[in-house]
Amino acid sequence: MRGGPDSPELELARALAPDFSVYLPDRRGCGSSGATGANYTMATEVADLSTLLAASGARFIFGVSSGALICLRAALLNPAIQAAALFEPPLSVKGSVPNEWVARVKEHLARGETSAALVTAMLDAQMGPRLFFSAAPPI
């Protein structure tokens, strides 16, 4: 599972293709998949992955970033999954990553300020070019 629209898994997929059947789906809202829909949740992502696994017979999964979280959740729920490889899941273990910004993101979303929520999350989670972190004050 890809982490987002620009995740670099294509090179890995090509390297694995001689030995495995590789599926690299566009998650909802990414690539050419179309919009996420009104009731989009982690459960939706897991259901999409489960549908792909059932149709393909695949038993090994790999996920990057948010895709790693989807794979982790799917592996917990789907006994057909034999192995999961997870790379850079966005997790904070015992406070290893500050998360005080989450409350500010929720406040922005409650006010309908989607752009501000995204900027706050990206800056505080340190996602994106380093230039972002040195140039922009918190919103």
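Let's start with Glu45 and Arg27, which form a salt bridge whose closest N and O atoms sit 2.8 Å apart. Glu45 belongs to helix H2 (residues 42–56) and Arg27 to the loop between helix H1 (9–16) and H2, so this pair ties together parts that are 18 residues apart in sequence. Both Glu45 and Arg27 are buried. Keep in mind, here and below, that you're looking at a predicted model.

How many salt bridges does the structure hold? There are two. Besides the one between Glu45 and Arg27, there is a salt bridge in which the side chains of Glu113 and Arg111 meet, at 3.1 Å from N to O. Is Arg111 buried or exposed? Arg111 counts as exposed, because its relative accessibility is 51% and the cut-off for exposed is over 50%. Glu113, with a relative accessible area of 31%, is partly exposed. So compare the two pairs for yourself: Glu45 and Arg27 are both buried, while Glu113 is partly exposed and Arg111 is exposed.

Now step back and take in the whole chain. The protein has six helices and two strands. If you read along the sequence, the pattern goes α-α-β-α-β-α-α-α. Out of its 139 residues, 24% count as buried.

The two strands are a good place to look next. Strand E1 covers residues 60–64 and strand E2 covers residues 83–87; they run parallel, joined by five bridges. How does the chain get from E1 to E2? It crosses through helix H3 (residues 66–77), and this β-α-β crossover is right-handed. You can pick out individual partners too: Gly63 has Leu86 of E2 as its bridge partner, and Phe62 stands opposite Ala85, also in E2. It helps to remember while you look that side chains in a regular strand alternate between the two faces of the sheet.

Follow the chain out of E1 and you come to Ser65, in the loop between E1 and H3. Its backbone is worth a glance: phi of Ser65 is near 55 degrees, a positive value in a residue other than glycine. Ser65 is partly exposed, with a relative accessible area of 28%.

Then comes H3 itself, which brings us to a nonpolar patch on the surface. Which residues form the patch? They are Leu72, Leu76, Leu77, Leu86, Leu91 and Val93, and together they have about 550 Å² of accessible area. H3 supplies the largest share, three residues. One residue to find in H3 is Leu76, which counts as exposed because its relative accessible area is 63%, against a cut-off of over 50%. Leu86 is also worth finding again, since you have met this patch member as the bridge partner of Gly63.

Past H3, in the loop that leads to E2, you'll find Ala80. Ala80 is partly exposed, at a relative accessible area of 29%. Although Ala80 and Ala58 are 22 residues apart along the chain, their C-alpha atoms are separated by 8.6 Å.

After E2, the chain enters the loop between E2 and helix H4 (101–110), and Glu88 lies there. Like Ser65, which has a positive phi without being a glycine, Glu88 has a positive phi, here about 50 degrees, and is not a glycine either. Is Glu88 buried or exposed? Glu88 counts as exposed, because its relative accessibility is 55%.

That leaves helix H5, which spans residues 114–124 and includes Thr120. Which residues of H5 are buried? Ala116, Ala117, Thr120, Ala121 and Leu123 are. For Thr120 the reason is easy to see: its relative accessibility is 3%, so it counts as buried, the cut-off being under 20%. What does the side chain of Thr120 contact? It makes a polar contact with the side chain of His108, at 3.3 Å. Once you leave H5, you reach Gln126, where phi is again positive, near 55 degrees.

Methods:
Residues numbered from 1 in each chain as written. Predicted model: local features only at pLDDT ≥ 70, side-chain atom pairs only at ≥ 80, totals over all residues. Heavy atoms only, no water. Pairing = 2+ DSSP bridges. Helix = DSSP H or I, 4+ residues; strand = E, 2+ residues; numbered from the N terminus. Right-handed = clockwise from strand over helix to strand, strands pointing away. Buried < 20%, exposed > 50% of the residue type's maximum accessible area, 1.4 Å probe, protein only. Polar contact = N/O pair within 3.5 Å; in protein donor to acceptor, adjacent residues only side chain to side chain. Patch = residues over 30% accessible without salt bridge, like charges linked within 9 Å, V, L, I, M, F, W, Y side chains within 5 Å. Areas by Shrake-Rupley, 256 points an atom, 1.4 Å probe, with all protein chains shown as cover. Salt bridge = Lys/Arg side-chain N within 4 Å of Asp/Glu carboxyl O.
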